[in-house]
Amino acid sequence: MVSEMEFPVETKINGKELNSFYRDSFSVQVNKTNLKAKNVYHSIFGFLPKPVQIALSLRNSIVKHFGFTASNTEMSLPLEDIEAGKKAGFLIIESVEPSEVICAAYEPNMDMWLSVLKLSEQEFAISTLVNLKTKTGKVYMAFIKPFHKLVAKYCIRQALKAGRI
């Protein structure tokens with residue numbers, strides 16, 4: 001099951017908020033046991049559904065004209081390569097611990113963090129924090145916000161449905 005939740009105070013991205021920001025968090029009840037945050041991150045973002053990849057490609061072709069990074073649609077590396085300092089698409093993996101994986105992207109218009117946090121043996125929080133630095137970033141976020149929530153839930157549900165988590 002996937003549901004929206006309060007932004008977890010335990011995540012290391014909590015407290016990075018600036019004046020203008022967006023954040024959300026989704027809880028997922030996993031079916032597998034003994035999963036680390038790295039496994040859940042890879043299971044969701046290493047297997048982006050085809051419709052999401054197409055949407056990201058379309059997004060990239062548009063936003064590159066407004067100062068946003070337009071990289072490939074990959075958001076993960078092979079499981080064994082997920083470690084701090086590595087780049088996965090437009091994300092930089094900042095921290096990999098058994099209980100939390102944090103990735104980030106730093107752009108002129110906004111800075112973004114993604115966290116996969118283990119809350120309990122069967123529950124993980126997938127959280128996003130975006131600091132909006134320019135008017136362009138604010139307009140972009142206003143447009144993308146409803147799609148972001150749908151895509152996030154869809155990707156998490158697909159990982160559940162495929163039996164990866």
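**Salt bridges and nonpolar cores**

Glu97 is partly exposed, at 29% relative accessibility; this class lies between buried, under 20% relative accessible area, and exposed, over 50% (1.4 Å probe, protein chains only). The model is predicted, so that local features need pLDDT of at least 70 and side-chain atom pairs count only at pLDDT 80 or more, whereas totals for chains, interfaces and linings use all residues. Residues are numbered from 1 along each chain as its sequence is written, and side-chain values use heavy atoms, with hydrogens and water left out.

The side chain of Glu97 forms a salt bridge with that of Lys12 (2.6 Å, N to O), the term denoting a side-chain nitrogen of Lys or Arg within 4 Å of a carboxyl oxygen of Asp or Glu. Because Glu97 lies in strand β4 and Lys12 in the loop between β1 and β2, the pair ties together parts 85 residues apart in sequence. Helices (H or I, at least four residues) and strands (E, at least two) are DSSP runs, numbered from the N terminus. Lys12 is partly exposed, with a relative accessible area of 45%.

Five salt bridges are found in the whole structure. One of them joins the side chains of Glu4 and Lys149 (2.8 Å, N to O); Glu4 lies in strand β1 (residues 2-4) and Lys149 in helix α3, so parts 145 residues apart in sequence are tied together.

The largest nonpolar core, a set of buried Ala, Val, Leu, Ile, Met, Phe, Trp, Tyr and Cys residues joined through side-chain atoms within 4.5 Å, has 37 residues. Its largest share, eight residues, comes from α3.
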